[in-house]
Amino acid sequence: MDIDGDYINVAVQKTKNFLRLPLNSQAKAILEKYKSTPITLAIPVYTGQKINNNLKKIGAKAKLIRPITKIRYSGAKMLMETLPLHEILHFHCSRKTFISYMFSQGISPEIIMKLSNHKTHRNFARYNDIQEKQKSDALNLAFNKLL
């Protein structure tokens, strides 16, 4: 990670390319907090396992206890397990949440793809889980103009 004015440059391990992201005011405030930290990176970097463990702890403190049923298969046998939401939180949830939130705010798919480093629409489509409220809002927006 490297700060360059109003941008952060990130080396993406999975794709081995670089991503240049604009810094909003919240991100700048976080960077300001760590400005005097004697490290070479802009902010502390943790392993994926440590991040996932911390997310579960944060979720428990936030009382994210809504039951979630996970379904997986062992051969042809379907296995279902119901757990509180905080127990299944992981880093990838934050990526999906970011993308869903950006869609709900009316941000164009092309911009979201650039920010989330998706190269193909096919891979990106998995993240666009259109919510019931979004469908209702879209219909109201389109047809209320007719009245």
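Helices here are DSSP runs of H or I with at least four residues, numbered from the N terminus. In this predicted model, helix α7 covers residues 132–143 and contains L139. The points below treat the hairpin of β4 and β5, its nonpolar surface patch, and two helical residues, H86 and L139.

**Hairpin of β4 and β5**
- Strand β4 (residues 67–74) and strand β5 (residues 77–84) run antiparallel and are joined by 8 bridges.
- Within this pairing, I68 has L83 of β5 as its bridge partner.
- The hairpin has 2 residues between the strands, and G75 adopts a positive phi near 70 degrees there.

**Nonpolar surface patch**
- I71, Y73, M78 and M80 form a nonpolar surface patch of about 460 Å².
- At least two residues of the patch come from each of β4 and β5; I71 is located in strand β4.

**H86 in helix α3**
- Helix α3 comprises residues 85–88 and includes H86.
- H86 counts as buried because its relative accessible area is 15%, and the cut-off for burial is under 20%.
- Beyond its neighbours within four places in sequence, H86 contacts K56, G59, A60, L64 and I65.

**L139 in helix α7**
- L139 has a relative accessibility of 52% and is therefore classed as exposed, the cut-off being over 50%.
- A distance of 28 Å separates the C-alpha atom of L139 from that of S94, and the two residues are 45 residues apart along the chain.

Technical notes:
Residues are numbered from 1 along each chain as its sequence is written. This is a predicted model: local features need pLDDT of at least 70, side-chain atom pairs count only at pLDDT 80 or more; totals for chains, interfaces and linings use all residues. Side-chain values use heavy atoms; hydrogens and water are left out. Buried means under 20% relative accessible area, exposed over 50%, partly exposed in between (1.4 Å probe, protein chains only). Contact means heavy atoms within 4.5 Å. Two strands pair if DSSP finds at least two bridges between them. Patches are made of residues with over 30% relative accessible area and no salt bridge: like charges are joined within 9 Å, nonpolar side chains (Val, Leu, Ile, Met, Phe, Trp, Tyr) within 5 Å. Accessible areas come from the Shrake-Rupley method with a 1.4 Å probe; for residues, only the protein chains shown count as cover. A salt bridge is a side-chain nitrogen of Lys or Arg within 4 Å of a carboxyl oxygen of Asp or Glu.
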